[in-house]
Amino acid sequence: MRRLSITRREALTDLWLAGPATLVMVLFIFLPVAIVAVLSFTDYQFGAPSFAWIGLENYSKLFGSTLGRRAISNTLIYVAIVIPVSVGLGLAVALGLHRMMAWAPWLSQLLRTIYFLPVAATLVAMSVAWQMVLHPSLGVVNQTLAALGGTPQDWLSDRGLVLYTLAAIGIWQAVGYNMVLFLAGLVAIPPELYDAAEVDGAGHGWSRFWTVTWPMLGPTTLFVMVVTATNAFRVFETVATLTRGGPAFASDTLVYALYREGFIYFKAGYASAITMVFFAFLLILTLAQFRIVEKKVHYR
Amino acid sequence: MTRSPVLELRGLSRRYGQTTVLNDIDVTIPEGSFTALLGASGCGKSTTLRIMAGLDRPSEGEVLLSGKDVSQKTTHQRNIAMVFQSYALYPHLTVFQNMALPLTMRHLSSLGRMPFVGAVAPGSSKARNLIAEKVGAAAEVLGLTDLLHRKPSSLSGGQKQRVALGRAMVRDPVLFLLDEPLSNLDARLRVKMRAELVALHRRTGRPFVYVTHDQSEAMAMADQIVVMIGGKVAQAGAPRDLYDRPASRDVATFIGHNAINLFQPADGMPGLHPAADEAVIGLRPEHLSPAATGALEANLETAEYLGSEIILALRSERGTEIRAIAPGDYAIPAPGSPVRLGFEPTRLHLFDEQTGKRLEVAS
């Protein structure tokens with residue numbers, strides 16, 4: 001038997017290790033995406049025996065119709081609120097809990113668990129709880145508001161308010177996860193850097209934060225932003241369970257529209273077009289974040 | 001010559017919970033001195049340095065800077081510079097920005113430090129020119145001029161070391177603290193940096209406090225060595241004092257390139273000293289060499305030829321290990337053959353068998 005050369009054998013090992021996963025990826029992710037891309041140029045309906053090529057008609061429908069534009073703008077507004085607020089809050093909570101570790105470790109641990117609960121809980125189940133909390137007459141929020149002398153609001157059925165209510169729930173869910181990531185980032189900062197900052201006169205308050213903490217959290221922040229952005233773009237559960245995109249499409253989002261068109265009206269072609277737009281948004285956002293932030297994050 | 005102390009630690013103790021890290025130590029750092037805090041790891045030398053810097057607070061005792069108590073002041077207020085073992089450079093800042101940071105914190109308002117607004121903040125351009133001038137001068141001294149726009153990640157260990165020194169130098173501190181600054185460098189570079197540090201010390205004229213576990217580093221650079229053992233100052237003095245008159249057995253063991261020979265009374269070495277049967281006798285290998293009329297006799301076990309000298313390992317009749325050093329041209333006899341060894345009686349050290357304290361030799 002002829003023995004293979006070492007390089008050949010190593011190459012074979014590499015293929016063995018990476019090959020199966022790559023194959024599955026191609027079969028179950030890239031191929032379906034390609035099919036979806038193709039379908040987005042047709043008028044195909046689920047179950048129909050044939051379809052016709054209609055070019056960019058699905059896309060012009062999405063960008064041209066009030067409904068399509070509403071779904072896009074709603075999603076963008078939602079993302080624009082959830083990313084900065086949940087990243088900022090996550091960082092603030094992480095900083096607080098990290099400092100608390102020094103004087104009340106048990107309290108810090110407890111609070112960390114509490115903040116993390118929304119991440120661990122199923123959002124669909126949590127939505128039921130939110131529905132109770134936000135109930136116009138019985139909900140805790142409105143009762144508290146009334147007790148404090150404010151005007152109760154229809155949180156989930158006011159057209160001007162519903163998107164922001166959903167964004168608040170999105171933030172509530174994301175803060176815990178972001179906090180855990182930031183905490184890990186904080187622990188990894190070498191303590192000598194804080195000592196050095198102290199020696200250099202940047203050891204207190206904001207100067208300490210801007211000199212050491214924030215720059216050293218750069219890679220963590222990039223990761224947190226990408227994850228938060230992806231999750232925010234995919235907002236679906238809360239919309240589906242709490243509002244169904246209503247009232248009057250005031251809380252319609254891209255993924256919910258895609259679900260409605262595809263799985264309720266069976267308009268596969270149109271749903272595919274929405275999917276492609278969704279992909280494009282996600283890709284642009286992630287690329288932009290990497291391009292802009294990556295350079296400033298790894299300090300080469 | 002009496003030099004006024006820049007920094008004094010008086011009756012200093014530091015406890016973490018139940019553990020006592022520093023136990024009632026007194027250290028004086030005179031004007032213009034180069035002090036080495038020498039000790040094995042865990043002896044409290046780094047804690048001492050951190051307390052000097054103000055990064056840690058003593059449990060008891062006083063820290064006096066130029067005679068004034070500074071225990072409530074931050075490091076920056078004390079105007080003390082510190083160089084860290086890991087260099088602790090800010091990875092997101094360039095070499096220039098790293099070195100300039102202590103100055104920007106001092107000379108620019110928080111508005112003036114901001115990225116874009118800073119340029120128009122009142123008085124900031126004058127301060128910026130001053131900072132650029134000082135950093136440029138320090139970079140020149142340290143040979144960093146061409147690296148000012150690089151980030152720390154693209155520098156070698158020696159270059160990072162220089163940047164850390166530069167950051168300490170730019171603001172003309174009253175005292176430099178160095179925490180094992182050379183331990184991350186390779187052997188050749190370490191010797192080179194030693195000389196550079198000594199030159200820098202001369203140039204600045206400021207007192208340096210240098211923490212190290214390497215006795216040869218301490219001996220080579222310092223004019224005062226504080227030997228710390230188990231959270232206490234075992235002995236403080238000039239390198240020559242420590243070598244010639246170690247205050248205890250432990251100090252004698254710690255100081256010196258070659259490990260000192262310690263003969264217990266039980267070892268039965270009567271030829272050494274009249275007190276040999278009641279005290280521990282210390283004799284450095286470099287003071288014990290083959291001599292035809294020597295007072296000691298032992299059998300040769302191994303010989304290490306080092307060119308300039310030969311390190312001999314011998315064993316006495318009663319089985320005690322003895323190390324001696326012969327000159328490089330010494331004809332090495334066959335292993336197992338007896339060798340007579342001679343020594344200067346003034347080079348003997350006597351230590352109390354129980355306490356390990358030095359006993360004065362009456363010879």
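**Exercise 1. A strand pair at the end of a sheet**

How many bridges join strand E18 (residues 349-352) of chain B to E19(B), and in which sense do the two run? Then place the pair in its sheet.

*Solution.*
- Step 1. Strand E18 (residues 349-352) of chain B and E19(B) run antiparallel and are joined by two bridges. Two strands pair if DSSP finds at least two bridges between them. Strands (E, at least two residues) and helices (H or I, at least four) are DSSP runs, numbered from the N terminus.
- Step 2. For one bridge by name, take B:Leu350, whose partner in E19(B) is B:Leu359.
- Step 3. The sheet is open, has four strands in the order E11-E12-E18-E19 (chain B), and pairs antiparallel. Strand E11 (261-263) and strand E19 (358-359) of chain B are the edges; each has a single partner strand, so one side of each is left without a neighbour in the sheet.
- A reminder: strands of a sheet pair through backbone hydrogen bonds, either parallel or antiparallel.

Before you go on: this is a predicted model, in which local features need pLDDT of at least 70 and side-chain atom pairs count only at pLDDT 80 or more, while totals for chains, interfaces and linings use all residues. Residues are numbered from 1 along each chain as its sequence is written, and chains are lettered from A and ligands numbered from 1 in the order in which they are written.

**Exercise 2. A strand with two partners**

Is strand E3 (residues 34-38) of chain B mostly covered or mostly open? Find its partner strands as well.

*Solution.*
- Step 1. Strand E3 of chain B is mostly covered, with five of its five residues buried. A residue is buried if 20 or more other C-beta atoms lie within 10 Å of its own, exposed if 12 or fewer, and partly exposed in between; C-beta atoms are placed from the backbone.
- Step 2. Sort the side chains by direction: B:Phe34, B:Ala36 and B:Leu38 point one way from E3(B), B:Thr35 and B:Leu37 point the other way, and all are buried.
- Step 3. With strand E8 (residues 208-212) of chain B, E3(B) pairs in the parallel sense over five bridges. Here B:Thr212 in E8(B) stands opposite B:Leu38.
- Step 4. With strand E9 (residues 224-229) of chain B, E3(B) also pairs in the parallel sense, over four bridges. B:Ala36 has B:Ile225 in E9(B) as its bridge partner.

**Exercise 3. Two helices that cross**

At what angle do helix H7 (residues 162-187) and helix H10 (residues 218-233) of chain A cross?

*Solution.*
- Step 1. The axes of H7 and H10 of chain A come within 10 Å and cross at roughly 160°. Axes are lines fitted to C-alpha atoms, for helices over the stretch in contact, and angles run from 0 to 180 degrees between N-to-C directions.
- Step 2. That makes H7(A) roughly antiparallel to H10(A), a label for angles over 145 degrees.
- Step 3. The crossing of H7(A) and H10(A) is right-handed, meaning that the near helix is turned clockwise from the far one by less than a right angle.
- Step 4. Among the residues that meet are A:Gly170, A:Ala174 and A:Phe182 in H7(A), and A:Phe223, A:Val224 and A:Ala232 in H10(A). Two residues are in contact if their C-beta atoms, placed from the backbone, lie within 7 Å.
- Step 5. The residues of this contact divide into six nonpolar, six polar and no charged. Ala, Val, Leu, Ile, Met, Phe, Trp, Tyr, Cys and Pro count as nonpolar, Asp, Glu, Lys and Arg as charged, and the others, Gly among them, as polar.

**Exercise 4. Where the chains touch**

How many residues of chain B are in contact with chain A?

*Solution.*
- Step 1. The contact involves 20 residues of chain B and 16 residues of chain A.
- Step 2. On the chain B side, helix H2 (75-78), strand E6 (80-83) and helix H3 (95-107) are the elements that give two or more residues. H3(B) supplies the largest share, four residues.
- Step 3. This side of chain B divides into eleven nonpolar, seven polar and two charged residues.

**Exercise 5. Two aspartates with positive phi**

Where is B:Asp172 found, and in which strand is B:Asp24?

*Solution.*
- Step 1. B:Asp24 is in strand E2 (residues 19-30) of chain B. Its phi is positive, about 55°, although B:Asp24 is not a glycine. B:Asp24 counts as partly exposed, with 14 C-beta neighbours inside 10 Å.
- Step 2. B:Asp172 is in the loop between helix H5 (157-169) and strand E7 (175-179) of chain B. B:Asp172 has a positive phi of about 50°, and is not a glycine. With 12 other C-beta atoms within 10 Å, B:Asp172 is exposed.

Key:
Angles under 35 degrees count as roughly parallel, over 145 as roughly antiparallel, 65 to 115 as roughly perpendicular and the rest as oblique.
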